[in-house]
Amino acid sequence: MVVADAEAVGRERGRSLPLAGLRVVELSSYVATPLCGLNLAQLGADVIRVEPMGGAVDRSRWPLADSGASLYWNGLNQGKRAVEVDMSSAAGRELVADLIIDAGVVITNSERYRELSFENLRSRRPDLIYAVLAGRHDGSAAVDYTVQAATGFPMVTGPENTRGPVNHVLPAWDITAGMLLTIGLLAAERHRARTGEASRLSVALEDVALAMAGNLGYLAEAQLDDKPRQRLGNHIFGTFGRDFTTSDGRRLVVVVLTARHWRELVEITGLETAFAALEQAFDADFTLEADRFRHREALAGVIAAWMAGHTAAEVDGLLTGSRLLWSWYRTFAELVADNAQLLRENPLLTKIEQPRVGSYWAPGSPLAFGGERSGASPAPAVGEHTEEVFRDLLKVSDARLSELLEAGVIGTPAASRGAR
């Protein structure tokens with residue numbers, strides 16, 4: 001569906017979405033806190049992003065459109081409203097404080113200003129919800145990439161013969177922290193509805209990584225096993241899964257988690273005799289996950305030879321419709337090109353017209369309620385809703401708005417819709 005005025009449609013849909021009526025002020029940058037705001041906006045909340053004059057530092061982050069507009073920023077901030085305020089001025093901070101008091105909910109990754117502290121704001125709004133993203137538990141700075149380095153994951157990522165760290169391209173801790181911040185904020189909102197009490201909640205990126213390392217057994221393994229975890233390349237730790245290449249050069253991943261998966265793989269490939277010989281040689285039972293992992297190299301060698309003797313079309317025909325877990329490897333460009341029809345038919349995606357970028361398919365919320373979900377809508381220009389928000393929510397008069405514009409305390413929407 002092509003949306004002529006996606007923002008208006010999004011607002012209309014918001015009335016029937018779970019968070020309709022919730023207003024959130026967002027003072028943030030980069031991934032985790034904007035993602036929290038995006039989650040809330042896609043579920044119907046009115047999220048107002050406050051940016052400094054000229055826009056936040058992450059508005060120019062790659063990837064970029066030909067115009068220089070950030071595709072990254074537009075993706076994380078769609079469906080929000082944006083106001084432009086000189087936060088270095090007392091008048092600007094006063095406006096933002098008033099906006100937070102009116103909304104009753106704020107998410108931020110900076111507690112730089114005393115006027116915008118939890119204590120000061122709660123004195124004016126006793127049921128305030130104040131959600132903070134930190135780098136480390138002590139309040140010191142960290143980003144996803146430094147947290148990755150500190151928690152060990154780059155040392156087990158990459159090919160088996162690699163020496164030194166391999167950073168992951170996916171900012172996993174930013175993403176997980178953004179989701180946890182969303183959950184925490186909604187828990188605080190429920191607590192407020194029950195008790196009328198304020199909440200200050202915080203999430204630290206490093207704590208997120210440590211928690212997941214603990215939950216997945218990495219920390220316990222490091223404490224209890226004197227043999228450090230080794231790199232496995234594309235093998236999957238503790239089970240059988242790896243990449244393979246067909247005779248015509250297509251690569252796919254096959255994952256065998258259960259005895260049922262194993263039996264189906266054996267049947268499809270017709271390699272019963274070869275696998276039985278390996279079981280006898282190793283005194284193993286390949287219906288057991290542990291044995292498949294221990295002897296992964298031998299199994300992978302047999303399967304790789306079979307894959308190399310079949311074309312991609314032949315493999316696709318044999319595996320499609322089976323209960324095996326498998327997929328062809330694709331680049332992002334191939335994903336878009338190979339699945340153009342699928343993208344159009346998937347209700348997750350809406351075709352939007354993003355100023356300074358153009359027309360493209362963008363995701364709404366993956367969550368569906370009663371079969372309905374929030375569609376995508378464009379991200380705002382710098383200060384696009386400045387006058388609208390302060391006039392409609394804080395009842396700032398036109399005369400006062402003109403004074404604030406003249407003094408440079410707020411930005412002009414007309415200029416914001418231009419080159420920036």
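The following exchange goes through the helix packing and the small set of paired strands in this predicted model.

Reader: What makes H7 and H8 roughly perpendicular to each other?

Author: Helix H7 (residues 172-195) and helix H8 (residues 205-215) pack at an angle of about 100 degrees, with their axes 9 Å apart. Angles of 65 to 115 degrees count as roughly perpendicular, and H7 and H8 are therefore described in that way.

Reader: Which residues make the contact between H7 and H8, and how do they divide into nonpolar, polar and charged?

Author: From H7 come Trp 173, Asp 174, Thr 176, Ala 177 and Leu 180, while H8 contributes Leu 205, Val 208, Ala 209 and Met 212. Seven of these residues are nonpolar, one is polar and one is charged; since Asp counts as charged, the charged one is Asp 174 of H7.

Reader: Why is H11 called roughly antiparallel to H13?

Author: The axes of helix H11 (residues 272-282) and helix H13 (residues 296-308) come within 11 Å and cross at roughly 165 degrees. Angles over 145 degrees count as roughly antiparallel, so the term applies to H11 and H13. The crossing of H11 past H13 is right-handed.

Reader: What makes up the contact of H11 with H13?

Author: On the H11 side there are Ala 274, Phe 275, Leu 278 and Phe 282, and on the H13 side Ala 298, Leu 299, Val 302 and Ile 303. The division is eight nonpolar, no polar and no charged.

Reader: How do you know that S7 pairs with S8, and S8 with S9?

Author: Two strands count as paired when at least two bridges are found between them. Six bridges join S7 to S8, and four join S8 (residues 251-256) to S9, so both pairs satisfy the criterion. Both pairings are antiparallel, with Phe 244 opposite Leu 252 in S8 and Val 254 opposite Trp 326 in S9.

Reader: Why are S7 and S9 said to stand at the edges of the sheet?

Author: The three strands form an open sheet in the order S7-S8-S9. Strand S7 (240-245) and strand S9 (325-328) each have a single partner strand, so one side of each is left without a neighbour in the sheet. Neighbouring strands are turned by 15 degrees against each other on average, direction ignored.

Reader: What lies between S7 and S8, and which helix lies across S8 and S9?

Author: S7 and S8 form a hairpin with five residues between them, and Gly 249 in the turn has a positive phi of about 90 degrees. Helix H14 (residues 312-319) lies across S8 and S9, running at about 150 degrees to S9.

Conventions:
Residues are numbered from 1 along each chain as its sequence is written. This is a predicted model: local features need pLDDT of at least 70, side-chain atom pairs count only at pLDDT 80 or more; totals for chains, interfaces and linings use all residues. Side-chain values use heavy atoms; hydrogens and water are left out. Helices (H or I, at least four residues) and strands (E, at least two) are DSSP runs, numbered from the N terminus. Axes are lines fitted to C-alpha atoms, for helices over the stretch in contact, and angles run from 0 to 180 degrees between N-to-C directions. Contact means heavy atoms within 4.5 Å. Angles under 35 degrees count as roughly parallel, over 145 as roughly antiparallel, 65 to 115 as roughly perpendicular and the rest as oblique. A crossing is left-handed if the near helix is turned anticlockwise from the far one by less than a right angle, and right-handed if clockwise.
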